[in-house]
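Hi everyone, thanks for making time this morning. Let me put the structure up on the screen, and then we'll walk through it together.

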Amino acid sequence: MTEIAIKITVNGRPQEAVVEPRLTLADFLRENCRLTGTHLACEHGVCGACTVLVDGAAVRSCLMFAVQAADREVTTVEGIAAPDGTLSPVQAAFRDCHGLQCGFCTPGFIMSLTALLRDNPDPTDEDIRVGLSGNLCRCTGYQGILAAARQAAPGPAEA
Amino acid sequence: MTGVATMRRPRSLSEAIDTLAASPGADLLAGGTDLVPALRTGARPVREMISLRRIVELRARGAAGDWLTIGACATYADLAGWSLAPGLAATARSVGSPQIRNTGTVGGALGTASPRGDLLTFLVAADAGVVVTGPVGQRQLGIGRFLADRHGPDELVTAVKLARPCGPQTYLKIGARQTASIPVASCALVVDRVRRLVRCAIGGVASRPVRALAAEDHVAETADWSTGALPPDAAHRFGELVAEAVTTAPDVAGDDVYAPAAYRSHAAGVLARRAAARCLAGARGADARRP
Ligand SMILES: Cc1cc2nc3c(=O)[nH]c(=O)nc-3n(C[C@H](O)[C@H](O)[C@H](O)COP(=O)(O)OP(=O)(O)OC[C@H]3O[C@@H](n4cnc5c(N)ncnc54)[C@H](O)[C@@H]3O)c2cc1C
Ligand code: FES
Ligand code: FES
């Protein structure tokens, strides 16, 4: 038997499963956990639609096997709103600023931007562009996304 | 993805070596940014995998005496802000996107050894050493030797060694997009103000990074080493010599979907001149740290 028993904390909840080693983290989230907010497009690491946070770092869930996320904490787009459903600042900004049209790329952008603003609360436009360079959007032309990032940025840390 | 896979997840280097000895040639899995797409497209069959992620000792990075040591499982993100290794940090920042930098590793770059790999080009300019470890212990190879011979089926790359910088270093690349794509041409320049020499490697232009030896000698002879400045006409000539080195390199890349060969050699010369402008502007010794 080649299957492996794993435990991954997904959005704060422990998830246990026995999986094949070749199961990707993206498929684990979508199929085993029924969390279909994480989208798959290229499945080659290029488009960023599948971005999730693993121990806080933005990664491609299509390039990682579920077993590699064993004993670690995974956050998906389903895990960043408040428990009562209040949107996170990044989510709210995407809605306010027309940061999405079809919405397919949006979960990946939201996760990348969430990590970016945590590490850099007061980014320049250039920082935002570079930070989001691994996410592709076919609809918006990126201007709404940039505006959303500016709105969601907490600004300079209080001295 | 087809085929039955097994995955072993050793927790220490010695366990990894035992696991590899029991199944030589198994696929080592680090960040997976090269391996997973290759498995998906069927370019490589899915078989036994040995995941290196749990081996904490392979992620360490440190400085001792004149040397910097970088564990094979250090990610680009681990290196992107490393002040002790400015050239390596610049190279790491030029790779992929944040998501790729958070997972892609040094060992994976050496395992893939792509002729366009950004890290490889820098390591050639830095004259780095590659440490490989197997059942009989570890051995260190120069980067050139490693790229020619690679490692045995029962060995893995465990670290990379670099001399502590003795002057400015930089890494510049031209890609379809500035980051998030492999380079059409790239240039790594390492200045050693103590030994009064430079090393320059060009990536993306041949089956391996190309050292521009005649161009390096030209700088060594024409730079003012008391200030670290290269006169403008010498910098221009440096660019020409680098472009020449590319055109005459063995197995130089021909025209392909990314660029015509003539563009590549031209771009290499331009990048080299820019790199020289950055590193040999005469920073009054501020960057010339003695080892
Ligand atoms: C979207 C995208 C963008 C990219 N952009 C760039 C770019 O701009 N520049 C660039 O240079 N690269 C780029 N890459 C390529 C890739 O990220 C690098 O080559 C990376 O360093 C591979 O490391 P990894 O840890 O992911 O390797 P893996 O995929 O885990 O492994 C790669 C290979 O190395 C072997 N291996 C892994 N660890 C070891 C070890 N310790 N010893 C021996 N062999 C080992 C594996 O068996 C495999 O054959 C990109 C990739 C993607 C998907
Ligand atoms: S689906 Fe993972 S990067 Fe495109
Ligand atoms: S909103 Fe449609 S791809 Fe971005």
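How many residues of domain 1 of chain B are in contact with domain 2 of chain B? Before I get to that, please keep in mind that this is a predicted model.

Now, the domains. The domain assignment splits chain B into domain 1, residues 61-163, and domain 2, residues 169-279. Taken over C-alpha atoms, their centres are 20 Å apart. And here is the count: 19 residues of domain 1 of chain B are in contact with 22 residues of domain 2 of chain B. On the domain 1 side, helix 4 (86-94) and helix 7 of chain B each supply at least two residues. Helix 7 of chain B gives the largest share of that side, with 6 residues. By class, the domain 1 side has 9 nonpolar, 7 polar and 3 charged residues.

Let's move on to strand 9 of chain B, residues 169-175. This strand is mostly covered, with 6 of its 7 residues buried. Strand 9 of chain B runs antiparallel to strand 10 of chain B, residues 183-192, and 7 bridges join the two. If you want a pair to look for, B:Leu172 stands opposite B:Cys187 in strand 10 of chain B.

B:Cys187 comes back when we turn to the core. The largest nonpolar core has 135 residues, and B:Cys187 is among those with the most contacts inside it, as are B:Leu189, B:Val242 and B:Ala268. Take B:Ala268: leaving aside neighbours within four places in sequence, its contacts include B:Ala185, B:Cys187, B:Ile202 and B:Val242. As general background, nonpolar side chains in soluble globular proteins tend to be buried together.

Next, the contact between the chains, which takes 24 residues from chain B and 23 residues from chain A. On the chain B side, strand 1 (6-8), helix 2 (35-41), strand 3 (48-51) and helix 5 (98-101) each supply at least two residues. That side has 11 nonpolar, 10 polar and 3 charged residues.

Finally, two backbone oddities. Most residues other than glycine have a negative phi. A:Glu43, though, has a positive phi near 55°, and B:Asp127 has one of about 55°. A:Glu43 sits in the loop between helix 1 (25-32) and strand 3 (51-54) of chain A, while B:Asp127 is in the loop between helix 7 (118-125) and strand 6 (129-134) of chain B. A:Glu43 counts as buried because it has 20 C-beta neighbours inside 10 Å. B:Asp127 has 16 such neighbours inside 10 Å, so it counts as partly exposed.

Thanks for listening!

Conventions: Residues numbered from 1 in each chain as written. Chains lettered and ligands numbered in written order. Predicted model: local features only at pLDDT ≥ 70, side-chain atom pairs only at ≥ 80, totals over all residues. Buried ≥ 20, exposed ≤ 12 C-beta atoms within 10 Å, placed from the backbone. Helix = DSSP H or I, 4+ residues; strand = E, 2+ residues; numbered from the N terminus. Pairing = 2+ DSSP bridges. Contact = placed C-beta atoms within 7 Å. Nonpolar A, V, L, I, M, F, W, Y, C, P; charged D, E, K, R; others polar. Core = buried A, V, L, I, M, F, W, Y, C linked by C-beta atoms within 7 Å. Domains from an automatic or database assignment.
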